[in-house]
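User: Please take a close look at one helix and the nonpolar core to which it contributes. I would like the cut-offs stated along with the description.

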Amino acid sequence: MQPLFLYNTLTRKKEEFKALNPPFVGMYVCGPTVYSDVHLGNCRTFISFDIMYRYLTHIGYKVRYLRNITDAGHLESDGDVGEDKISKKAKLQQLEPMEIVQTYTVDFHKVMELFNTLPPNIEPTATGHIIEQQQITEEIIKKGLAYEVNGTVYFDVEKFAKDNNYTALTGRKLEELLENTRDLEGQGDKRGRLDFALWIKAKPEHLMKWGSQWGTGFPGWHIECSAMSTKYLGEQFDIHGGGMDLQATHHTNEIAQNIAYCGKQPCNYWLHTNMLTVSGQKMSKSLGNSFLPRELFTGNHKLLDKGYSPMAVKFFMLQTHYRSTLDFSNEALQASEKGFDRLMESYSTLQTLTASATSSEDIKALQAKCYEAMNDDFNTPVLIACLFDAARIINSANDKKTNLTQIDIDLLKDIYRHFLFDVMGLKPESENLKTKQVLGKVVEMVLHIRDKAKADKNFNLSDDIRNKLTEAGVQVKDGKEGSSWKI
RNA sequence: GGUCCUGUGGCCGAGUGGUUAGGCUCAGCUCUGCAAAAGCUGCUACUCCAGUUCGAACCUGGACGGGACCUCCA
């Protein structure tokens, strides 16, 4: 087994990974809330953890990878004010809450498939684990670390913090947190300002609600992850992941819940992915500066010059380490797109190389560098740099400027297969997409010629072009702003 | 305001106390009927100030800039 080092948020250091029960590894990643389209930040996080999953598997671990679907329970704010996001949207659109959930879950899966990520081994839903969440809540009350007021159950943070390090994940001081927590209106019946809800009493108009010993309500924001990770990975497992924005609140509270429930730290390694930015600002739903994966693929967004294929976007993301912020720009995307094409082209070239008797390159060393990169906290940018070295060697060999033995050629094929395809989950662009892009350009060109004809008042020609295009299945529409077309 | 992270060449982005990151762009060369592709070469960077050190982009302190979290978000 390769010695693997990863950066642990809990210790703020790179540590060698030691599985609790090798070769088995339990990994939990906080999944999406399915009340609207996934945006790219979500995608980046899930792509990052997909690659960790793939790499752990590649070096021989048997991984059970869980990623939940949050289909209930998230509030507009952390108190008992606000509304369940899903039922809010449902009321807005006159739909059943589960209809919203279904729509966005299906869409989420489609997008993740476009990015060629593997499905998790288990993808549990919050609504499917209400009982488990209630049981944990009940147990925490029994331990004296939660209390019920008017049908809502709160976690007693300050009491918990007396015997436990509540802020272990952030390294903050509890006193400072207490001082700096803003005084929000409608904090309800909380005793402490840091207390958070495990179970929330539902108002009559609330759509998603369940019966419980505390009355009709719904689960709090953090409890589902504790419930589902415990159920499927046990009280202690290896890796817990999520976006950095979850670190301070969601994960901190999740750890507190688990310790309160069973007295154990839920997991050894906490991994956090950094944010996506647009023009230097965090891309987020609430800021409204996010673009949807589909908008990125089609280029149908005011910030984008053109569309980028899912694989080009993924490659772009992987050229930055997962713990660095990644800024989206047209230039950067285009640079990645070209680089990705070149890399893929070199793989085709590799298939046609003829072997020499001797080798002038050290392919074994290159392979070792690839492993070294991934073993260093999944450093995909360095891995990609190594693959570009491979591409240069392949192209040189193709130009007969360097020599490779058959053994080296086979080894290069292994490197591409293992790292580019198996670990990073990249794949050649589908012909379909490329054909479409080319077709689009051809049609634009024909229409450009037609515009010239129109300008010269050569309407015989321009009409002929339009008729022929229509025959071919391309509908041309002339508007004030020029011609547009669709298939 | 508090806590933390960060500042690298035209752009994007790795990185280690002394040795080439890599990609894209640009220029030149080789190849080519011309291009394209590919290869080679070049443009050789580390916010500023001070300190530690034989030596710092990499360590320490300060300044300035950017960002995240503290409030729903991956």
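Analyst: What follows describes one helix and then the core around it. This is a predicted model, in which local features need pLDDT of at least 70 and side-chain atom pairs count only at pLDDT 80 or more, while totals for chains, interfaces and linings use all residues. Residues are numbered from 1 along each chain as its sequence is written, and chains are lettered from A and ligands numbered from 1 in the order in which they are written.

Helix α1 covers residues 40-58, where helices (H or I, at least four residues) are DSSP runs numbered from the N terminus. Its 19 residues reach 26 Å from the first C-alpha to the last, close to the 27 Å expected, the expected span being 1.5 Å times one less than the number of residues. Of these 19 residues, 16 are buried, and α1 is thus mostly covered; a residue is buried if 20 or more other C-beta atoms, placed from the backbone, lie within 10 Å of its own. Just after α1, G60 takes a positive phi of about 110 degrees.

The largest nonpolar core (a set of buried Ala, Val, Leu, Ile, Met, Phe, Trp, Tyr and Cys residues joined through C-beta atoms within 7 Å) has 119 residues, of which M27, I140, F155, L198 and F419 touch the most other members. The element that gives the most to this core is α1, with ten residues. Because domain 1 (5-273) and domain 2 (292-423) both give residues to the core, it lies between them; the domain bounds come from an automatic or database domain assignment. Leaving aside neighbours within four places in sequence, F419 is in contact with C370, L383, L387 and M424, contact requiring C-beta atoms, placed from the backbone, within 7 Å.

Note on methods: Helices (H or I, at least four residues) and strands (E, at least two) are DSSP runs, numbered from the N terminus. A residue is buried if 20 or more other C-beta atoms lie within 10 Å of its own, exposed if 12 or fewer, and partly exposed in between; C-beta atoms are placed from the backbone. Two residues are in contact if their C-beta atoms, placed from the backbone, lie within 7 Å.
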